[in-house]
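Student: I'm new to this one. Could you show it to me and then let me ask how you know what you say about it?

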Amino acid sequence: MQRNRLLTPGPTPVPETALLAMAKQLIHHRTPEFRNVLAEVFETLKYVFDTKNDVVMTCSSGTGAMETAVVNLVPRGGKAIVLESGKFAERWRKIGEAFGVEVVRYEVPWGDVFDPREVERLVAANPDASAVFGTLLETSTGVGHDVETLGKAIQAGNASSGGKVLWVVDGISGAGAMECRTDAWGIDVLVAGSQKALMTPPGLAFLSVSPDAWAKIEANATKPAFYFDLLSYRKSLHETDTPFTPATGLVLALAENLRLLKQFGRERMWARVRRLAEGTQAGVQALGMRLVASRPGDGMTAAFFPEGVDGKRLLGFIFERFGVKLAGGQGALKGKIFRIAHMGIIDELDIISALAALEMGLAEQGIDVPFGTATGAANRVFAAKRPG
């Protein structure tokens, strides 16, 4: 018998209060009781995302919200700039191409970041683009992109050309885990999902939408959307309702988690996740593992396996032996890296457990690593950076 520890960058562990909320008998979604829950959810999401803009909710994975952003903002045959740096940034391009969008692609190697000067140049050179699509936390590599600086580059490009190219950010993994000032950083649409830092099972997605984004959506009269038509969601939002049947159980669970997040505090949560990230990164580097990200994000860490280690076997061993579930690599990084989350209710002892399991997994493959190498490095970080 063992206790399983879920440390993947989605889904993440769900608090017991949310699990209990889903265990209760459902309530009807067209009632004052449920509308009160919706009102609380929408307002608290604004707090978590640090925005005064409208926040709408769809029943889908985060990818559904990404598609929603593309089809509502960019007309068929229109143009979009995509900042591509990993498996999930790549998704912006693929969605655009699927809907007949002309994609201007700025690609950097996986693990790298973008040059703001090049982003500014692209925006200035393409004033007819509807938006720049980027990522807060690239889950395939662990890169935390400098969304604030990129937003300033987009504004500078618009100033040069007289255009109005919007800034659309995939915050599915990052929002709620790492600093993201939606309004202050000029983000017109922020996309998020329920199963990451918001600690809810998969199935809900969210978009914060600025007034400039609404104007562009209104102008896109031929958008190929019915279920994902954001104008329908805005109409229902003003009635504290949803245009279609919501996932009521998930919404009730989300409401519990948002109360926890607001009570704990947005900035305090960002600091907590950063401390966990620093401890995790110290631990894996003490094992001789190189980080994938040139600019690591706070919500998760990705690292290369040491030379000679069978990564698939290592991850399988630590799950079967210790119940510690980490994620492997994707695409070109499959079998070469592992990914570990440190967001939501994941805590210091979860990280220490995972690092200890990694030490045992390396020993199982004959790698000479003194026990306590990774856990000791992480513990020194945790001891020096006490929770606020």
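Tutor: Sure, here come some questions and answers on this structure, which is a predicted model.

Student: Let's start with cysteines. Why is cysteine 180 called buried?

Tutor: Its relative accessibility is 3%, and buried means under 20%, so cysteine 180 fits the label.

Student: And what makes cysteine 59 partly exposed?

Tutor: Cysteine 59 has a relative accessible area of 27%. The label covers values between 20% and 50%, so cysteine 59 belongs there.

Student: How many disulfides are there?

Tutor: Zero, after a search of the whole structure. To count, a pair of cysteine sulfur atoms would have to lie within 2.5 Å.

Student: Now helix H10. How do you know that its length agrees with what a helix should span?

Tutor: H10 has 21 residues, 266-286, and at 1.5 Å a residue they should span 30 Å. The C-alpha atoms at the ends are 31 Å apart, which agrees. Just after H10 comes glycine 288, with a positive phi of about 85°.

Student: What makes glutamate 97 and arginine 93 a salt bridge?

Tutor: Their side chains meet at 3.5 Å, N to O, and the cut-off is 4 Å, so the pair qualifies. They sit four residues apart in helix H4 (residues 89-98), so about one helical turn separates them.

Student: Are those two partners buried or partly exposed?

Tutor: One of each kind. Arginine 93 has 13% relative accessibility, so it counts as buried, while glutamate 97, at 45%, is partly exposed.

Student: Why does the spacing along a helix matter here?

Tutor: An α-helix has 3.6 residues a turn, so residues three or four places apart point the same way.

Student: Which residue forms a salt bridge with arginine 121?

Tutor: Glutamate 118 does, with the closest N and O atoms 2.8 Å apart. Those two are three residues apart in helix H5 (residues 116-125), about one helical turn. Arginine 121 is partly exposed at 45%, and glutamate 118 is partly exposed at 23%.

Student: How do you know that glutamate 148 and lysine 152 form one?

Tutor: The N to O distance is 3.8 Å, and the limit is 4 Å, so this pair counts as a salt bridge. Both lie in helix H6 (residues 147-161), four residues apart.

Student: Which residues do salt bridges with shared partners join into one network?

Tutor: Glu84, Lys87, Glu90, Arg93, Lys94, Glu97, Arg105 and Glu107. The structure holds 28 salt bridges.

Key: Residues are numbered from 1 along each chain as its sequence is written. This is a predicted model: local features need pLDDT of at least 70, side-chain atom pairs count only at pLDDT 80 or more; totals for chains, interfaces and linings use all residues. Side-chain values use heavy atoms; hydrogens and water are left out. The expected span of a helix is 1.5 Å times one less than its number of residues. Buried means under 20% relative accessible area, exposed over 50%, partly exposed in between (1.4 Å probe, protein chains only).
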